[in-house]
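Student: I would like to take a close look at one part of this model, the packing of its interior. Could you walk me through it slowly, in one connected answer?

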Amino acid sequence: MNKYIKESGILSTGSTSTGSNVLAPTMVYRTLQEAVRKQLVFRPLAALLIGPGEIPGPAVKVSLQDPDSMSVHNVAEGAELPYGQETYSQITITPAKYGVAIGITREMVEDSMFSVMEKNAQTAGYALADKEDQLVVTTLEAGSTAASHDNQYSTSMTLAEITTSMALLEADGYTPTDLIVGTTVASDIRNLASLNTANLSITSGDIANIRLIGNIFGMNVIVSRNLSNATDAFVIDRNHAFAIAEKRPVTMERFDDFMRDTHNMVATMRIAARYLRGEAISKLYI
């Protein structure tokens, strides 16, 4: 009976009349090829980023100054000045809990060619941040609808459609600062023949760690794969559009289950996104 003999890093069953019968071991490349991840763009665009120290209870109330709520009067000489004061409205933002639990057996840790727990922790952190981006998209849609700023277009994005959405913001006193687009809209914009005029630029750059595809009429043009549809886009005034309330930032906690011989981790966050002024948002869609 042949014995298994290790020879120069391979396994052999020894010599036979037909030569050596070699058993090729399975090799796993030591570097993990990571999956493609979406670019997360919305956090730097928040008008307010409310941290845990500013949320003493389960929710936070944000006061909004009502526009044009104070009047001045024509007063006759010696007459008593009328009283006036501005008014405010409030919105309540209630963070919700999101999370995932990860269980890694000790055998997986021992047999893996890379740090399984570390890679899972990184992926969990990314997944929670991705959820935050999705929450912002949902509230932008709600804000635009509440303000009757939804702008439906047909076939492909044009400059006329973009300026229509800009005008919706400007009519209410807001300044369009950013155009967030889906991938199909990004392609439409790159193919606009009029991008050689003074107000349009397709030169890429970085601002607040967000990759831009260009600038249109003073607005940063940013691509997001988290929009509900690749044909969607948003024009926003970032100073008034939305807030993020973070009761618990992304938190990782590890523990061992000795009975199951596993290493475990839970990744959680408590967060909410809420539009502040719907008039500062316009959604474009097909």
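Tutor: Leaving aside its neighbours within four places in sequence, Leu 140 is in contact with Phe 42, Phe 234, Ile 236, Phe 242 and Ile 281 in this predicted model. Leu 140 also belongs to the largest nonpolar core, a group of 30 residues, and is listed among those with the most contacts inside that core, together with Phe 42, Ile 180, Phe 234, Ile 236 and Phe 242. The elements that give two or more residues to this core are strand S7 (96-105), helix H2 (116-146), and the strands S14, S15 and S16. Helix H2 supplies the largest share of the core, namely nine residues. In soluble globular proteins, nonpolar side chains tend to be buried together. Apart from this core lies another one, of 22 residues, which includes Ile 213, Ile 216, Met 219 and Ala 280.

Strand S14 deserves a closer look, since two of the residues that touch Leu 140 are Phe 234 and Ile 236. In strand S14 (residues 233-236), Phe 234 and Ile 236 point one way while Ala 233 and Val 235 point the other way, and all of them are buried. In a regular strand the side chains alternate between the two faces of the sheet. Strand S9 (residues 178-181) runs antiparallel to S14 and is joined to it by four bridges, and within this pairing Ile 180 has Phe 234 as its bridge partner. Strand S17 (residues 281-285) is likewise antiparallel to S14 and joined to it by four bridges, with Ser 282 of S17 standing opposite Val 235.

Strand S16, another contributor to the core, covers residues 262-275 and includes Thr 262. Thr 262 has a relative accessibility of 13%, and it therefore counts as buried, the cut-off being under 20%. Beyond the residues up to four places away in sequence, Thr 262 touches Ile 104, Thr 105, Arg 106, Phe 255, Asp 256 and Asp 257. Asp 261 lies in the loop between strand S15 (242-257) and S16. Asp 261 has a phi near 55°, a positive value in a residue other than glycine, and at 27% relative accessibility it counts as partly exposed. Most residues other than glycine have a negative phi. Asp 68 also has a positive phi, near 55°, and is placed in the loop between strand S5 (60-65) and strand S6 (88-93). With a relative accessible area of 78%, Asp 68 is exposed.

A helix can be read in a similar way, and H3 (residues 159-171) is one example: its 13 residues reach 18 Å from the first C-alpha to the last, close to the 18 Å expected at 1.5 Å a residue. The buried residues of H3 are Leu 159, Ile 162, Ser 165, Met 166 and Leu 169. These buried residues cover an arc of only 130° around the axis, so they lie on the same side of H3. Just after H3, Gly 173 takes a positive phi of about 90°.

To set these parts in the whole chain, there are four helices and 17 strands, and buried residues make up 37% of the 286 residues. Among contacts with a separation of 6 or more, 75% are between residues 24 or more positions apart.

Methods:
Residues numbered from 1 in each chain as written. Predicted model: local features only at pLDDT ≥ 70, side-chain atom pairs only at ≥ 80, totals over all residues. Heavy atoms only, no water. Buried < 20%, exposed > 50% of the residue type's maximum accessible area, 1.4 Å probe, protein only. Contact = heavy atoms within 4.5 Å. Expected span 1.5 Å × (residues − 1). Arc of directions from axis to C-beta. Pairing = 2+ DSSP bridges. Core = buried A, V, L, I, M, F, W, Y, C linked by side-chain atoms within 4.5 Å.
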